[in-house]
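Thanks for coming. I have one structure to go through today, so please take a look at it before I start.

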Amino acid sequence: FLAIGEVIKPEHVAKLFNVCGYAEPILEVGYFADTVPRTIPTIYNKAALIHIDSDLYASCKTVFANIEPLIQDGTVILFDEWFAFKGDPNKGE
């Protein structure tokens, strides 16, 4: 339901969830530095799974600085590109 190259907007994500029969997700749209510090401490107090798709070290650093209180024994942290650069430690977050 999107044209090739069309920008994905929050309403597209909501529609996809609806079509699949899932509850509408809660989306925080914006830069990590603006959204993560404002939302994480007020909404969540622990996490079982944290999926990070930040692409840049600076963004990832912001995320980690704010999710630390959520991490507990057994928390899984997943990066979207965990092996995208063939394990090169100088690329990706």
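Is Cys-60 buried or exposed? Cys-60 is buried, with a relative accessible area of 4%. I should say straight away that this is a predicted model. The other cysteine I want to mention is Cys-20, which is partly exposed at a relative accessible area of 45%. For anyone thinking about sulfur chemistry, a disulfide is a covalent bond between the sulfur atoms of two cysteines. The count of disulfides in this model is zero.

Now the overall layout. The chain has three helices and two strands, and along the sequence they follow the pattern α-α-β-α-β. The C-alpha trace spans about 35 × 35 × 25 Å along its principal axes. There are 93 residues in the chain, and 19% of them count as buried. Among contacts with a separation of 6 or more, 53% are between residues 24 or more positions apart. The chain exposes about 7400 Å², with carbon and sulfur atoms supplying 59% of that area.

Next, the core. In soluble globular proteins, nonpolar side chains tend to be buried together. The largest nonpolar core here has nine residues, and Cys-60 is one of them. The others are Val-36, Ile-40, Ala-47, Ile-50, Ile-52, Val-63, Ile-67 and Leu-70. Helix H2, residues 32–43, strand S1, residues 49–52, and helix H3 each give two or more residues to this core. Which element gives the most? That is H3, with three residues. As for contacts in the core, Ile-67 touches Ile-50 and Ile-52, leaving aside residues up to four places away in sequence.

Let me stay with H3. Its buried residues are Ser-59, Cys-60, Val-63, Asn-66 and Ile-67. Why do these five count as being on the same side of H3? They cover an arc of only 135 degrees around the axis, and that puts them on the same side of the helix. The general background is that an α-helix has 3.6 residues a turn, so residues three or four places apart point the same way. What covers the buried residues of H3 includes H2, S1 and S2. On the face of H3 turned away from the buried side we find the exposed residues Tyr-57, Ala-58, Lys-61 and Ala-65.

Over in helix H2 there is Thr-35. Thr-35 is buried, with a relative accessible area of 5%. Setting aside residues up to four places away in sequence, Thr-35 touches Glu-28, Val-29 and Gly-30.

Last topic, the aromatics. How many aromatic pairs does the structure hold? It holds two. One is Phe-17 with Tyr-22, an edge-to-face pair at 6.1 Å centre to centre, with 65 degrees between the planes. Phe-17 is partly exposed at 29% relative accessibility, while Tyr-22 counts as exposed at 55%.

The other pair is Phe-64 with Phe-79. Their ring centres are 6.1 Å apart and their planes stand at 35 degrees, so this pair is tilted. The pair links distant parts of the chain: Phe-64 sits in H3, residues 57–67, and Phe-79 in strand S2, residues 76–79, with the two positions 15 residues apart in numbering. Both rings belong to partly exposed residues, Phe-64 with a relative accessible area of 30% and Phe-79 with 24%.

That is what I have. I am happy to go back to any part of it.

Technical notes: Residues are numbered from 1 along each chain as its sequence is written. This is a predicted model: local features need pLDDT of at least 70, side-chain atom pairs count only at pLDDT 80 or more; totals for chains, interfaces and linings use all residues. Side-chain values use heavy atoms; hydrogens and water are left out. Rings of Phe, Tyr and Trp (its six-membered ring) pair if their centres lie within 6.5 Å; planes under 30 degrees apart count as stacked, over 60 as edge-to-face and the rest as tilted. Buried means under 20% relative accessible area, exposed over 50%, partly exposed in between (1.4 Å probe, protein chains only). Helices (H or I, at least four residues) and strands (E, at least two) are DSSP runs, numbered from the N terminus. A nonpolar core is a set of buried Ala, Val, Leu, Ile, Met, Phe, Trp, Tyr and Cys residues joined through side-chain atoms within 4.5 Å. Contact means heavy atoms within 4.5 Å. The arc is that of the directions from the helix axis to the C-beta atoms. A disulfide is a pair of cysteine sulfur atoms within 2.5 Å. Accessible areas come from the Shrake-Rupley method with a 1.4 Å probe; for residues, only the protein chains shown count as cover.
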